[in-house]
Amino acid sequence: MQVKHINTGLYDANSYLINRKVLVDTGMNTDGLLKEIEKNTDIGDLELIILTHCHYDHTASALRISKLSGAKIAIHVNDAAYLKNDNVTASSLFGYSAPLIEPDMLLKGGDMIPIGNNEELIVIHTPGHTPGGICLYEAVSKSLFSGDTVFPGGSIGRTDFEGGSSSQLTESISKLIEIDIIVLYPGHGEVSCKSVDQQIERSLRMSRGLF
Ligand SMILES: [Zn+2]
Ligand SMILES: [Zn+2]
């Protein structure tokens, strides 16, 4: 799996361009993202945009990137239900209305998404930060795209937004513990490949309130 990590602003979410045709999250800086995508692929070769969850900082550029490229937009069915909700998408916190995204594909846990090179992403439903938050696992490279569920260093996603639940987040992180993960591609911060399993165990302790 070839992954290009894209981040164009301090408070913006990470985007990941996979195998030059699949984008995980879009962030908010459409022009900056476009510039980075075009360094790596023809925009028309982009086939799919997968949103790890409905928050504005991960989705704001999705509509324009989708229109420019023709890429389809995929999101978990539980977050699709809130895409037009200014509060659950946290758009109001950024001073905007929710972007009017119409998803083409509704995901659920266990779905397999082909990404080329005979590789696929497995959808893991990880509610807690949002109702339809997902992580995406690629088994050959043992990579996890964790959205805002877990971050490097044992950090965890916030659960105090509308639609959040700390007990659900703990349950979701418990699912991640069972997976062999070598590379962590988080929704914010740097990519990490140092004892990722231990980092996620710390995240689980953090979510249970044991530090
Ligand atoms: Zn975020
Ligand atoms: Zn978020």
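## Loops, a helix pair and the overall fold

Asparagine 19 sits in the loop that links strand E2 (15-18) to strand E3 (22-24). Keep in mind that this is a predicted model. The loop between E2 and E3 also holds arginine 20, and both residues have backbone angles worth a look: phi is near 50 degrees for asparagine 19 and about 60 degrees for arginine 20. The rest of this briefing covers that loop, two other loop residues, one helix pair and the chain as a whole.

**The E2-E3 loop**

- Most residues other than glycine have a negative phi.
- Asparagine 19 goes the other way, with a positive phi in a residue that isn't glycine.
- Arginine 20 is likewise not a glycine, and its phi is positive too.
- How many C-beta neighbours does asparagine 19 have inside 10 Å? There are 17, so asparagine 19 counts as partly exposed.
- Arginine 20 has 16 other C-beta atoms within 10 Å, which puts it in the partly exposed class.

**Histidine 53**

- You'll find histidine 53 in the loop running between strand E4 (48-50) and helix H2 (56-59).
- Is histidine 53 buried or exposed? It counts as buried, because 31 C-beta neighbours lie inside 10 Å and the cut-off for buried is 20 or more.
- Setting aside residues up to four places away in sequence, histidine 53 touches His58, Asp79, His129, Thr130, Gly132, Gly133, Gly147 and Asp148.
- Asparagine 117 is 64 residues from histidine 53 along the chain, and their C-alpha atoms are separated by 26 Å.

**Lysine 142**

- Lysine 142 belongs to the loop between strand E9 (134-138) and strand E10 (143-147).
- With 15 other C-beta atoms within 10 Å, lysine 142 comes out as partly exposed, because that count falls between the limits of 12 or fewer for exposed and 20 or more for buried.
- Which residues does lysine 142 contact once its neighbours within four places in sequence are left aside? They are Asp180, Ile181, Ile182 and Val183.
- The C-alpha atoms of lysine 142 and asparagine 78 are 26 Å apart, with the two positions 64 residues apart along the chain.

**Helices H5 and H6**

- Two packed helices are described by the angle between their axes and the distance between the axes.
- For helix H5 (residues 166-177) packing on helix H6 (residues 196-207), the angle is about 160 degrees and the axes are 9 Å apart.
- That angle is over 145 degrees, so H5 is roughly antiparallel to H6.
- The two helices, H5 and H6, make a left-handed crossing.
- On the H5 side, the contact involves Ser166, Leu169, Thr170, Ile173, Ser174, Leu176 and Ile177; on the H6 side, it involves Ile200, Glu201, Ser203, Leu204 and Ser207.
- Sorted by type, the residues of this H5-H6 contact are six nonpolar, five polar and one charged.

**The whole chain**

- The protein chain has six helices and 13 strands.
- Its C-alpha atoms fill a box of roughly 45 × 40 × 30 Å along the principal axes.
- The radius of gyration of the protein chain is 16 Å, which agrees with the value near 17 Å for a compact globule with 211 residues.
- Buried residues make up 46% of the 211 in the protein chain.
- Take the contacts between residues at least 6 apart in sequence: 61% of them join residues at least 24 apart.

How values were computed. Residues are numbered from 1 along each chain as its sequence is written. Chains are lettered from A and ligands numbered from 1 in the order in which they are written. This is a predicted model: local features need pLDDT of at least 70, side-chain atom pairs count only at pLDDT 80 or more; totals for chains, interfaces and linings use all residues. Axes are lines fitted to C-alpha atoms, for helices over the stretch in contact, and angles run from 0 to 180 degrees between N-to-C directions. Helices (H or I, at least four residues) and strands (E, at least two) are DSSP runs, numbered from the N terminus. Angles under 35 degrees count as roughly parallel, over 145 as roughly antiparallel, 65 to 115 as roughly perpendicular and the rest as oblique. A crossing is left-handed if the near helix is turned anticlockwise from the far one by less than a right angle, and right-handed if clockwise. Two residues are in contact if their C-beta atoms, placed from the backbone, lie within 7 Å. Ala, Val, Leu, Ile, Met, Phe, Trp, Tyr, Cys and Pro count as nonpolar, Asp, Glu, Lys and Arg as charged, and the others, Gly among them, as polar. The radius of gyration is taken over C-alpha atoms; the globule rule is 2.2 Å times the number of residues to the power 0.38.
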